[in-house]
Amino acid sequence: MRWLVLVFLMIPALAQAQQAATLVADDVRLTGDNQLIASGNVEVFFDGSTLRASRIVYDRASDRLLISGPIIVQAPDGSVLQAESADLDPRLENGMLLGARLVLDQQLQLAANQIDRADGRYLQLYRSTASSCQACGNRAPLWEIRAERVVHDTLERQLYFENATFRIRGVPVLWIPAMRLPDPTLTRATGFLIPRATTTSRLGTGLKTPYFITLGDHADVTLTPYLSPQTRTIEILFRRAFANGAVQVTGAASEDTLQDNARSYLVASGNFALRDGYQLSFNAETVSDKAYLVDYGYGDRDRLESAIGLVRVTDSSLQEFRLSYFQTLRDQETNASLPPIIGEARYEARLTPSYGGTLTYATSVDTAYRPDTTDGDDGRDVTRAGARADWRRDWILPGGFVGTALTGLRGDIYNVRDDSAFPANDLRIVPNVMMTLRWPLARHATGQASHLLEPTVTLSWADIYGGIPPNEDSKRSELDQANLFDRSRFAGQDAVETGTQLATGVTWTRVGAAGAASTLTFGRILRSEAQPDFNPSSGLAGTRSDWLVAGQYNTAGGFLFEARALLDDDIDTTRADGRVRWRNDRINLGAAYIWQGRDLAEDRPEAISEWTIDGAFVLTDAWQMNFDARYDVAADRPVRAGVGFSWQNECVSIDVSASRRYASSSSVEPTTTFGLSGSLSGFSAGRSAGSPAAQCRQ
């Protein structure tokens with residue numbers, strides 16, 4: 001039979017500990033010379049660790065544990081230590097293990113002729129081999145590090161190698177006299193990260209070598225020197241976490257052969273949760289020149305926005321304050337004409353009065369400032385202060401009809417500077433009324449598809465009493481299925497749809513028994529008077545809008561297709577766009593198309609016709625591929641293209657990429673970029689889940 005005893009009764013060192021050790025064995029006996037001998041399927045449980053051996057002898061006179069293997073020690077952090085024999089003190093803090101192997105985080109394996117344990121903290125491995133690759137028979141692993149000595153600091157979770165040789169399939173390729181690496185259980189540690197080689201047609205072949213620096217438990221900074229024949233660059237990434245938010249700063253500074261002056265960019269962002277439900281956010285962006293971001297692959301945006309905002313949202317109210325500064329990177333645009341500075345503040349609340357319906361009221365102030373004092377569009381400054389109130393109520397009518405009534409009143413005071421075409425101060429009052437009638441018709445049967453057909457008619461009226469201010473925030477609007485039945489299709493406050501208008505349409509929705517769903521919307525708008533603020537290509541110009549046709553189809557298997565088109569009375573296309581996406585465990589493939597007609601009011605002298613496509617494929621358990629491309633059909637030329645491959649097994653990951661940006665302008669040149677990076681699993685936060693292990697073949 002097996003015996004169960006408390007070892008701390010016989011071992012004083014363990015008796016002094018707060019945690020009692022438990023020993024289980026087939027046979028336990030006490031000899032006359034004060035030796036405790038446990039043999040046969042021996043298991044010791046102590047302070048979260050488990051030790052298994054064939055035989056354990058405790059010699060009370062020498063206060064030593066003599067353990068015979070095979071020995072397996074499993075620690076609470078998941079590391080596993082195996083050995084043939086061991087001579088340890090009772091606390092397992094000092095001693096020696098022979099023929100030992102250490103497995104950290106089920107990844108990194110370290111084998112040694114001898115392992116010495118010192119001070120309960122250090123493991124010293126002599127003539128050791130480290131690898132996270134699976135070994136098959138006598139064949140050497142894909143990579144391994146052989147060292148004269150390895151010290152594992154279990155407290156700091158660091159590995160120190162002395163007189164080490166890096167080998168690939170047993171062939172020495174690099175000798176390293178000394179190095180330090182974090183063990184796989186450590187998520188943050190100061191030191192070098194994975195380098196990346198990159199080649200571009202503008203900057204040549206270079207190497208990025210990131211160096212990560214911890215700044216306590218809640219902050220860190222990564223400095224990345226980037227050196228090539230054409231540039232000397234330093235990149236920085238700073239992160240700081242607080243109890244109620246976080247801050248991140250990204251930037252770079254360069255001296256290169258592309259320009260005579262130093263070049264740089266900086267992006268700082270942060271979010272904080274304040275008292276009483278307020279959320280503070282900020283974002284600051286700046287760049288030294290228009291081509292820097294594209295030249296170095298930091299992005300391809302054509303405008304930068306720096307902003308600070310404060311918002312509070314409750315069940316019945318919204319408060320928001322925001323101040324923004326814009327910097328343009330477009331060749332034909334200047335900062336002064338944007339306008340570059342925009343300020344906004346608004347408050348909105350909703351309540352349910354006793355007489356029924358929902359009452360919404362709001363106040364807001366916004367300003368647009370241009371530093372230029374030129375009279376007209378390039379120098380105009382506008383400030384608006386306004387208030388509005390809306391009342392809405394819904395009814396279920398006989399015959400299954402659903403009726404909605406909405407009425408509202410808004411007033412705005414405008415102050416205009418540096419534009420003699422408008423009065424310096426002006427008042428505008430806008431009353432509005434809208435009635436909507438919907439007739440939802442549904443059909444449903446058990447085990448079959450469900451259908452919903454919903455014809456909708458909306459009749460609305462609005463008018464302006466007072467002056468007509470300059471339009472700063474509603475210059476580009478377009479008709480879509482989301483605003484077909486709205487009382488206004490303008491995105492901002494400056495422009496108002498006036499007169500009487502009738503919107504008619506029908507929406508059909510189908511939900512299949514297998515989970516597939518589809519929708520189709522068809523409709524248009526009729527007006528008593530044309531709206532001058534709608535551009536020709538918006539689909540909303542004139543007294544009759546274009547016909548809107550929009551649809552969507554998606555399946556439970558991850559397939560999605562949606563499209564929209566605006567058609568005039570001659571069935572000519574004004575605007576069209578669509579996208580398709582197929583996503584599952586092994587494929588993520590998407591494509592999008594857009595067509596927009598010529599419209600000088602939107603700074604579009606020629607029609608736009610473009611395709612974009614992107615995809616990612618899991619080719620095998622080890623291989624993955626991704627690509628993206630953009631093609632200008634109207635100009636019959638590619639805009640950009642890129643492809644990347646990655647290979648990963650249980651111990652190595654390699655990424656290879658290539659991209660080409662074809663677009664050019666006076667400040668941006670075409671660029672081709674190649675990238676290569678690789679990493680060894682076992683010396684960082686650990687490999688990603690699902691990394692396939694190599695298969696041994698006979």
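I began with Leu-589 and found that its bridge partner in β39 is Gly-615; strands here are DSSP runs of E of at least two residues, numbered from the N terminus. I note that this is a predicted model, in which local features need pLDDT of at least 70, side-chain atom pairs count only at pLDDT 80 or more, and totals for chains, interfaces and linings use all residues. Residues are numbered from 1 along each chain as its sequence is written, and side-chain values use heavy atoms, with hydrogens and water left out.

I then followed Gly-615 to its bridge partner in β40, which is Phe-627. For the pairing (at least two bridges found by DSSP between two strands), I recorded β38 (residues 587-596) as antiparallel to β39 (residues 608-618) over 10 bridges, and β39 as antiparallel to β40 (residues 623-632) over 9 bridges. A hairpin of 4 residues connects β39 to β40.

Next I looked up the second largest pocket, a pocket being an open set of points on a 1 Å grid over the protein atoms alone, where a 1.4 Å probe fits, with protein on both sides within 12 Å along at least five of seven lines. Its volume, the space filled by probe spheres set on the points, is about 1,100 Å³. I listed 30 lining residues (an atom within 4 Å of a point), with Leu-181, Phe-192, Leu-193, Ile-194 and Phe-683 nearest the centre of this pocket. β13 (171-182) gives the most to this lining, with 6 residues, while β14 (191-192) and β43 (671-680) each supply at least two.
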